[in-house]
Amino acid sequence: MKFTMFKKETTDKKYHEDPFRAVNFQIGADGIIRCPNRKAFRFKYRRHVKGNNYGRQEEIYE
């Protein structure tokens, strides 16, 4: 069974190139992530995802 956003995530070029998606934010040489509005996101902490058997972690930025 395909997930809800499958078609959009696999075929929509405009969706992939959207500068406001978090995966498209630029990372500077100093390691700070910046959105297109030049707001800085600093790494806060990393935590394990509860109930995940594969060791997945989330990174929290502020």
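**View 1. The largest pocket of the predicted model****.** The volume of this pocket is about 180 Å³. Seven residues line the largest pocket: Ala-22, Val-23, Phe-25, Ile-27, Ile-33, Phe-41 and Tyr-61. By class, the lining holds 7 nonpolar residues. No polar residue and no charged residue belongs to the lining.

**View 2. An open sheet of 3 strands****.** The strand order is 1-2-3, and the pairing is antiparallel. Strand 1 (26-27) and strand 3 (40-41) are the edge strands. Each of these edge strands pairs on one side only. Strand 1 and strand 2 (residues 33-34) are joined by 2 bridges and run antiparallel. Gln-26 has Arg-34 in strand 2 as its bridge partner. Ile-27 and Ile-33 also appear in the lining of the largest pocket, as does Phe-41.

**View 3. The salt bridge between Asp-12 and Lys-8****.** The count of salt bridges in the model comes to 4. In the pair shown here, the closest N and O atoms of Asp-12 and Lys-8 are 3.8 Å apart. How accessible is Asp-12? Asp-12 has 25% relative accessibility, so the residue counts as partly exposed. Lys-8 is partly exposed too, with a relative accessible area of 39%.

**View 4. The salt bridge between Lys-44 and Glu-62****.** The closest N and O atoms of this pair lie 3.6 Å apart. Which parts of the chain does the pair tie together? Lys-44 sits in strand 4 (residues 43-48), and Glu-62 sits in the segment after strand 5 (57-61). The pair therefore ties together parts that are 18 residues apart in sequence. Lys-44 is partly exposed, at a relative accessible area of 47%. Glu-62 has a relative accessible area of 60%, so Glu-62 is exposed.

**View 5. The salt bridge between Arg-47 and Glu-58****.** Here the closest N and O atoms are 2.9 Å apart. Arg-47 belongs to strand 4 and Glu-58 to strand 5. The two residues are 11 residues apart, and the pair links distant parts of the chain. Arg-47 is partly exposed, with a relative accessible area of 41%. Glu-58 is also partly exposed, with a relative accessible area of 28%.

Methods: Residues are numbered from 1 along each chain as its sequence is written. This is a predicted model: local features need pLDDT of at least 70, side-chain atom pairs count only at pLDDT 80 or more; totals for chains, interfaces and linings use all residues. Side-chain values use heavy atoms; hydrogens and water are left out. On a 1 Å grid over the protein atoms alone, a cavity is a set of points where a 1.4 Å probe fits but cannot get out, and a pocket is an open set with protein on both sides within 12 Å along at least five of seven lines; lining residues have an atom within 4 Å of a point. Grid points are joined across faces, edges and corners, and a volume is the space filled by probe spheres set on the points. Ala, Val, Leu, Ile, Met, Phe, Trp, Tyr, Cys and Pro count as nonpolar, Asp, Glu, Lys and Arg as charged, and the others, Gly among them, as polar. Two strands pair if DSSP finds at least two bridges between them. Helices (H or I, at least four residues) and strands (E, at least two) are DSSP runs, numbered from the N terminus. A salt bridge is a side-chain nitrogen of Lys or Arg within 4 Å of a carboxyl oxygen of Asp or Glu. Buried means under 20% relative accessible area, exposed over 50%, partly exposed in between (1.4 Å probe, protein chains only).
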